[in-house]
Amino acid sequence: MRDQVIGKIREAGVVGAGGAGFPTHVKVAAAADTVIVNGAECEPLLRVDQQLMEFAAARIVAGLAAVMEATGAAEGVIALKGKHKGAIAALEAAAGKNMRLVILGDFYPAGDEHVLVHEAVGRLVPQGAIPLSVGCVVSNVETLLNAAAAQDGGAVTHSYVTVTGEVAQPVTLRLPIGTTVAAALALAGVERLEGLSVLDGGPMMGRLVADLGQPITKTTKGLVVLPAGHQIIRRRTMPVEALLKQAHAACIQCRYCTDLCPRYLLGHSLEPHKIMRGVKHIRGQEALLKMALACSECGVCEQYACPLGLSPRTINAALKQALAQQGLKAGAAPAGQCCSRTQAYRKIPVKRLITRTGLGGYDRPAPLDSRPLAVKRVELLLKQHIGAPSQPVVASGQRVRQGDLVARIPDGALGANLHASIAGVATVAADRIVITAPEGSGGR
Ligand code: SF4
Ligand code: SF4
């Protein structure tokens with residue numbers, strides 16, 4: 001039974017929908033005592049998980065039961081915020097007897113896996129380790145929906161995406177994977193983008209979309225449209241060299257960035273104020289700069305804490321890239337890692353975060369619209385997950401139906417299967433499979 005559950009998740013191409021896209025069949029093949037549903041959805045403005053939990057509670061519980069079966073977990077913990085009352089009522093009604101709800105406060109970043117495990121079950125994940133090291137598997141809400149569909153033979157073909165920000169009417173769409181960002185914005189009613197920029201993801205951790213032809217992937221959760229001059233966009237577009245110069249000239253070592261850093265507060269050896277001091281004198285500071293590897297890039301330091309508008313997160317991200325190229329990984333947990341006594345009082349209220357980041361005018365509902373959309377062309381990236389790119393099993397010119405396998409996991413590799421998200425004719429390129437729907441079919 002357990003092997004069947006895992007096999008169906010593998011066949012369906014399920015990956016972690018809320019993060020980097022780790023293949024779910026590998027994650028759930030490990031033994032754990034607890035499965036935690038990450039329903040925190042802490043990125044301001046995104047509205048996917050809260051609505052799925054309310055409107056598809058029974059399917060999410062079915063997905064949770066499947067992952068519990070796969071991991072052998074005795075308990076399922078559904079962690080979500082108290083403000084989502086509709087979701088709480090729906091999940092309380094749907095939950096099985098070995099499942100319970102944990103109600104979280106409205107703080108950021110409640111969805112960081114290290115923070116969530118601590119909040120939900122009181123265990124401290126060691127620095128540099130994953131929740132499995134303390135017996136937990138953490139699963140995103142949409143991942144569980146996909147795991148439930150997999151048990152019925154369904155494949156991952158769509159992704160739920162909130163389109164919000166500087167738009168007439170924010171909306172959450174169920175988009176065929178491979179829809180371009182430009183097409184997704186048009187489907188959401190965004191007609192003009194002059195003077196605007198788009199983030200792929202939430203305003204705290206999302207990445208600037210450089211090419212509107214970029215496709216939606218299995219992990220896309222939000223498209224946030226903001227004025228090009230918005231403080232969040234300005235920071236994303238500044239070169240790291242300029243941010244370093246700012247740090248040299250202006251950092252006053254007040255250490256607010258460290259005192260509010262969620263990872264520091266969980267006892268990690270990460271002190272961004274020291275990194276800001278260390279980057280002035282890179283030589284001889286390797287040990288100090290290696291701290292950056294423990295950074296989750298949550299953005300609290302630069303978007304909330306720093307009184308001078310400096311950018312420890314972006315500098316950490318650049319350092320992480322440079323250190324990864326040298327093959328360096330985050331160090332082990334400091335001896336006797338323990339949670340700070342002030343951790344409970346230093347959580348960032350989301351309302352205050354929204355005000356401080358200049359997002360107050362954009363904090364609006366984005367109702368779920370699950371109607372099928374007429375998408376006539378999709379570009380399915382062969383690598384939209386952690387691991388090796390999928391290998392095409394279709395040829396150019398071949399007709400495919402929605403849900404057909406078009407690329408599979410290479411033998412012996414970590415990866416994920418890929419399926420056609422619309423019906424049409426395939427064209428195989430080096431890094432993607434393009435599917436074009438015949439005229440008049442709308443891809444369904
Ligand atoms: S909060 Fe800003 S000014 Fe203060 S130590 Fe951190 S980076 Fe420097
Ligand atoms: S982005 Fe800043 S606040 Fe967040 S984990 Fe990294 S150093 Fe800490």
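These are my notebook entries on a predicted model of one chain with its ligands.

**Entry 1: overall dimensions**

I began with the whole chain. I counted its secondary structure as 17 helices and 19 strands. I then looked up the extent of the C-alpha trace. Along the principal axes it spans about 60 × 50 × 45 Å. Next I checked the radius of gyration, which is 22 Å. A compact globule of 444 residues would have a value near 22 Å, so the chain agrees with that expectation.

**Entry 2: domains**

I went on to the domain assignment. Domain 1 covers 2–151 and domain 3 covers 236–346. Domain 2 is written in two pieces, 157–230 and 358–373. Domain 4 takes 375–444.

I picked domains 1 and 3 for a closer look. Their C-alpha centres lie 29 Å apart. Where they touch, 10 residues of domain 1 are in contact with 17 residues of domain 3. Which element gives the most to the domain 1 side? I found helix H6, residues 113–121, with 3 residues. I also sorted that side of domain 1 by residue class. It holds 5 nonpolar, 4 polar and 1 charged.

**Entry 3: the parallel sheet**

I traced an open sheet of 4 strands. The order is E3-E2-E1-E5, and the pairing is parallel. Which strands sit at the edges? They are E3 (99–104) and E5 (136–140), each of which pairs on one side only. I looked up the turn between neighbouring strands of this sheet. It averages 25 degrees, direction ignored.

I then followed one pair in detail. Strand E1, residues 34–39, pairs with E5 in the parallel sense over 5 bridges. Within this pair I noted two valines. Valine 35 stands opposite valine 137 in E5.

**Entry 4: the antiparallel sheet**

I turned to another open sheet, this one of 3 strands. Its order is E14-E16-E17, with antiparallel pairing. The edges are E14 (391–392) and E17 (418–419). Each of these edge strands pairs on one side only. How many bridges join E14 to E16? I found 2, and the two strands run antiparallel. E16 itself covers residues 405–408. As a landmark I wrote down one bridge. Glutamine 391 has arginine 408 in E16 as its partner.

**Entry 5: ligand 1**

I moved to the ligands. Around ligand 1 I counted 14 residues. The closest are Cys251, Cys254, Cys257, His273 and Cys306. Two elements give two or more residues to this shell: helix H11 (256–259) and helix H13 (272–278). By class, the shell divides into 11 nonpolar, 2 polar and 1 charged. Cysteine counts as nonpolar in this scheme.

**Entry 6: ligand 2**

I repeated the lookup for ligand 2. Here 15 residues surround the ligand. The closest are Cys261, Cys295, Cys298, Cys301 and Arg313. Helix H12 (262–265), helix H15 (300–305) and helix H16 (312–325) each supply at least two residues. Which of the elements gives the most to the shell? I found that H16 does, with 3 residues. The shell around ligand 2 divides into 9 nonpolar, 3 polar and 3 charged.

Key: Residues are numbered from 1 along each chain as its sequence is written. Chains are lettered from A and ligands numbered from 1 in the order in which they are written. This is a predicted model: local features need pLDDT of at least 70, side-chain atom pairs count only at pLDDT 80 or more; totals for chains, interfaces and linings use all residues. A residue is near a molecule or strand if its C-beta atom, placed from the backbone, lies within 6 Å of it. Domain bounds come from an automatic or database domain assignment. Two residues are in contact if their C-beta atoms, placed from the backbone, lie within 7 Å. Two strands pair if DSSP finds at least two bridges between them. Axes are lines fitted to C-alpha atoms, for helices over the stretch in contact, and angles run from 0 to 180 degrees between N-to-C directions. The radius of gyration is taken over C-alpha atoms; the globule rule is 2.2 Å times the number of residues to the power 0.38.
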